[in-house]
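Subject: A structure for you to explore

Hi there,

Here is the structure I promised to hand over. Have a look around first, and then read on for what turned up.

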Amino acid sequence: DIQEDYFYRGLLIANGYEPGSLMDPGVIQYYFSALTVFFFKNPILQAASVFLILYSCTAVLAFTSFIGYCRSVSKSIPTEYALLTLLPILAWPSFWYYITCYGSDSWVIPLSIILISVYLKTISNKHAISVPSLL
């Protein structure tokens, strides 16, 4: 799994080394791992605890993005319809796999749902649509 790479690079960053290329899609997760590792005296021996925190943060991000999506969309459509729009995501087998690991792939769907929520909220407000608000 790639999550060990995120843990290793988080250790490197926490010890003052560069993570490698900043063009890597997992740079945010590297620094988040480094922030998590920073709070442990011996992160290698406590790796299970570090991964538990990282997995929990991923699950919380996914849950809050779903709740935020339903709350923002439910103003224009009923909540049960907003939940129905999430069914294809929940039925996608890879979604459940990515929730149980830590990496850039596990953040794609929650962050996309947040962007879709902001987009739908913006286009549903007639007065919010203008060239400066879109830029």
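A good place to begin is helix 3, which covers residues 47-73: F51 and Y55 both sit in this helix, four residues apart, or about one turn of the helix. Please keep in mind as you read that this is a predicted model.

How are the rings of F51 and Y55 arranged, and how many degrees lie between their planes? The two form a stacked aromatic pair, with 20 degrees between the planes and 5.9 Å from centre to centre. The cut-off for stacked is under 30 degrees, so an angle of 20 degrees falls in that class.

Are F51 and Y55 buried or partly exposed? F51 has a relative accessibility of 13%, so F51 counts as buried. Y55 has a relative accessible area of 25% and is partly exposed. The reason is the cut-off: buried means under 20%.

This pair also has company, because ring pairs link F7, F51 and Y55 into a cluster.

Now for the wider picture. Searching the whole structure gives five aromatic pairs. Another one of them joins Y6 and Y30: the ring centres are 5.1 Å apart and the planes meet at 40 degrees, so this pair is tilted. Here the partners come from distant parts of the chain, 24 residues apart, with Y6 in helix 1 (residues 3-14) and Y30 in helix 2 (residues 27-38). Y6 counts as buried because its relative accessibility is 4%. Y30 is buried too, at 1% relative accessibility.

Next, the empty space inside. Rolling a probe the size of a water molecule over the atoms shows where such space is left. How many cavities of 30 Å³ or more does the structure hold? There is one, and the largest cavity contains about 40 Å³ of space.

Which residues line the largest cavity? They are F95, Y98, D105, S106, V108, I109 and P110. Two elements give two or more residues to this lining: helix 5 (93-99) and helix 6 (108-124). Helix 6 gives the most, with three residues. Sorted by class, the lining has five nonpolar residues, one polar and one charged.

If you would like a small exercise, find F51 and Y55 in helix 3 and look at how their rings are stacked. Then go to Y6 and Y30 and look at their tilted rings.

Enjoy exploring!

Best wishes

Conventions. Residues numbered from 1 in each chain as written. Predicted model: local features only at pLDDT ≥ 70, side-chain atom pairs only at ≥ 80, totals over all residues. Heavy atoms only, no water. 1 Å grid on protein atoms, 1.4 Å probe; cavity = no way out; pocket = protein on both sides within 12 Å on 5 of 7 lines; lining within 4 Å. Points joined across faces, edges and corners; volume = space filled by probe spheres on them. Nonpolar A, V, L, I, M, F, W, Y, C, P; charged D, E, K, R; others polar. Phe/Tyr/Trp six-rings, centres within 6.5 Å; stacked < 30°, edge-to-face > 60°. Buried < 20%, exposed > 50% of the residue type's maximum accessible area, 1.4 Å probe, protein only.
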